[in-house]
Amino acid sequence: MRTEVSRAESEKFHEECGVFGIYAPGSDVTQLTYYALYALQHRGQESAGIAVSDGKVIRCEKGVGLVAEVFQETEKLEQLQGKAAVGHVRYARSNEELLINAQPLLVRYRNGHLAIVHNGNLINRYRLRSQLERKGSIFQAGTDSEVLAHLIAHSGEDEIIRAIKKSLLYLRGAYTYIVMTPEKMVGIRDPYGIRPLSLGKMANGYVLSSETCAFDTVGAEFVRDIEPGELIIIDKNGLQSERFAPPKRQALCVFEYIYFARPDSNIHGRNVHLVRKRLGRRLAQEHPVEADMVTGVPDSSLSAASGVAEQLGLPYEMGFVKNRYIGRTFIQPSPEIRALGVQLKLNAVRQIVEGKRVVMVDDSIVRGTTSMRIVKMLRHAGAKEVHVLVTSPPVVAPCYYGINTPARDELIAARMGVEEIRRAIDADYLGFLSEEGMLECLNLSKDGFCTACFNGRYPIALDDFALDKERRG
Ligand code: SF4
């Protein structure tokens, strides 16, 4: 079993977690959470877990791997029966201990049991941890769930909602939490709403999820997104909404639309596939290249590529085939094997691209290494010209709000202008979507999103943890 993450440097940004919660007495909450985690698997593939409350006791099963791997023994699920459950999938940071950081975090404190799952990143995490350690707290893992658990234990409040609200006042950063006690479930979204959390309804209860695609999977109906700074309490009395902080400017991570979310999810009431198509159409308006066909890099760029093709009046073709059976654990090829031209994850289809002027659509360029490889692959398969169109602006700054990104000096657009990048990736043309064009497609004000990785304007000021991370890279 893997105990620690060690992976080849990833080209893409990665969402770090997916959370799910269900309060539905009379339903098989364990099975439904298990299915919901399948729907959220794209948000994290390195650990998974489910905690279930029967009204008195909370039990938890978690492990390293995909949902199917963690729960391959059905007895694990059968042992978990109750009326409410929380579930989690996680994408770990490099060199991180996997099992100890797997969630839900199950803790017992003087007022009982809590199970906590979260998505995001507290930018004052190290400061809070050191303050708590000085008061005697002992931390086992490196997660922000544990920070919240200790703050709750130290709050001095006996009533759990008061304890949570008091604890949240210390947190700075991007976060969604679901906290489950034996009797209640509490959904929390940070005052800027950087990470998503939606509310759904079932016949006999409610569900909370990072993405609405999980609602379709469990047969729940979308109600609304949780507001920034809102706390939702679900228990035998139904649903109650409270504020723990006044809403700041709304700053949802714009990458949810561009890349992270599943195309069948809706965010702010907008379907992700349709938004990506709109981004593609706008991209083609800004860069009306002459070509013979359009193809997208699977899977996240396919929706946008169809928009580019529509706008340019060109056929949309399957220029690449992706091998869907390569998991995170597969053995990375050595440089010698790579030099032989071994294509494991992606293959360009010669019969489709040979002799053609190809528009290749991608959602982002981070380090530039994948773009280089893909352009080379298309040329090797006989493409006459390769025009790269990107459905986001150049990424010039790292993320400190829970998205796994390389350090600033590894971001190709932080070091080079567009023409230099074009030459580096060996494209005939390179066009990025403008920030203005991107925001117009999303149809919200400029201040409605976090766009910091495109312009370095962070909605929540960074403190020394974030700056230290930047120095260390
Ligand atoms: S910095 Fe970029 S990836 Fe991070 S929350 Fe903001 S938009 Fe999303």
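The shell around the ligand holds eleven nonpolar residues, one polar residue and no charged residues, where Ala, Val, Leu, Ile, Met, Phe, Trp, Tyr, Cys and Pro count as nonpolar, Asp, Glu, Lys and Arg as charged, and the others, Gly among them, as polar. Twelve residues surround the ligand, and the closest are Cys 253, Cys 399, Cys 450, Ala 452 and Cys 453. A residue is taken as near a molecule or strand if its C-beta atom, placed from the backbone, lies within 6 Å of it. The model is a predicted one, in which local features need pLDDT of at least 70 and side-chain atom pairs count only at pLDDT 80 or more, whereas totals for chains, interfaces and linings use all residues. Residue numbers start from 1 along each chain, following the sequence as written.

Turning to the overall fold, the protein contains 19 helices and 25 strands; helices (H or I, at least four residues) and strands (E, at least two) are DSSP runs, numbered from the N terminus. The radius of gyration is 23 Å, close to the 23 Å that the globule rule gives for 473 residues, so the protein is as compact as a globular protein of that length. This radius is taken over C-alpha atoms, and the globule rule is 2.2 Å times the number of residues to the power 0.38. Along the principal axes, the C-alpha atoms fill a box of roughly 70 × 45 × 45 Å.

The domain assignment gives domain 1 (14-248) and domain 2 (271-443), with bounds that come from an automatic or database domain assignment. Their centres, taken over C-alpha atoms, are separated by 34 Å. Domain 1 brings 15 residues to the contact and domain 2 brings six, two residues being in contact if their C-beta atoms, placed from the backbone, lie within 7 Å. On the side of domain 1 that touches domain 2, the elements giving two or more residues are strand S1 (14-15), strand S7 (112-122) and strand S8 (173-180). S7 provides the largest share of that side, with three residues. By class, this side of domain 1 divides into four nonpolar, six polar and five charged residues.

Strands S7 and S8 also appear in an open sheet of six strands, with the order S6-S7-S8-S9-S13-S14 and antiparallel pairing; two strands pair if DSSP finds at least two bridges between them. Strand S6 (105-109) and strand S14 (238-243) stand at the edges with a single partner strand each, so one side of each has no neighbour in the sheet. Neighbouring strands here are turned by 20° against each other on average, direction ignored; axes are lines fitted to C-alpha atoms, for helices over the stretch in contact, and angles run from 0 to 180 degrees between N-to-C directions.

Following the sheet from S8 onwards, five bridges join S8 to strand S9 (residues 185-189) in the antiparallel sense, and Ile 178 has Gly 187 in S9 as its bridge partner. S9 is joined in turn to S13 by four antiparallel bridges, with Met 185 partnered by Ile 234 in S13. Strand S13 (residues 230-235) pairs with S14 through six antiparallel bridges, and these two strands form a hairpin with two residues between them. Within this pair, Ile 234 stands opposite Leu 239, while Leu 231 has Glu 242 as its bridge partner.

A further hairpin is built from strand S3 (residues 47-53) and strand S4 (residues 58-64), which run antiparallel and are joined by seven bridges. Ala 51 stands opposite Cys 60 in S4. Four residues lie between these strands, and Gly 55 takes a positive phi near 105° in this hairpin.

Parallel pairing is found in an open sheet of four strands, ordered S18-S21-S22-S24. Its edges are strand S18 (293-296) and strand S24 (429-432), each with a single partner strand, so one side of each is left without a neighbour in the sheet. Neighbouring strands of this sheet are turned by 20° against each other on average, direction ignored. Strand S21 (residues 357-362) and strand S22 (residues 385-390) run parallel and are joined by six bridges, and Val 361 stands opposite Leu 389 in S22. Helix H11 (residues 302-312) packs on the sheet, where H11 touches S18, S21 and S22 and its direction makes about 165° with that of S18.
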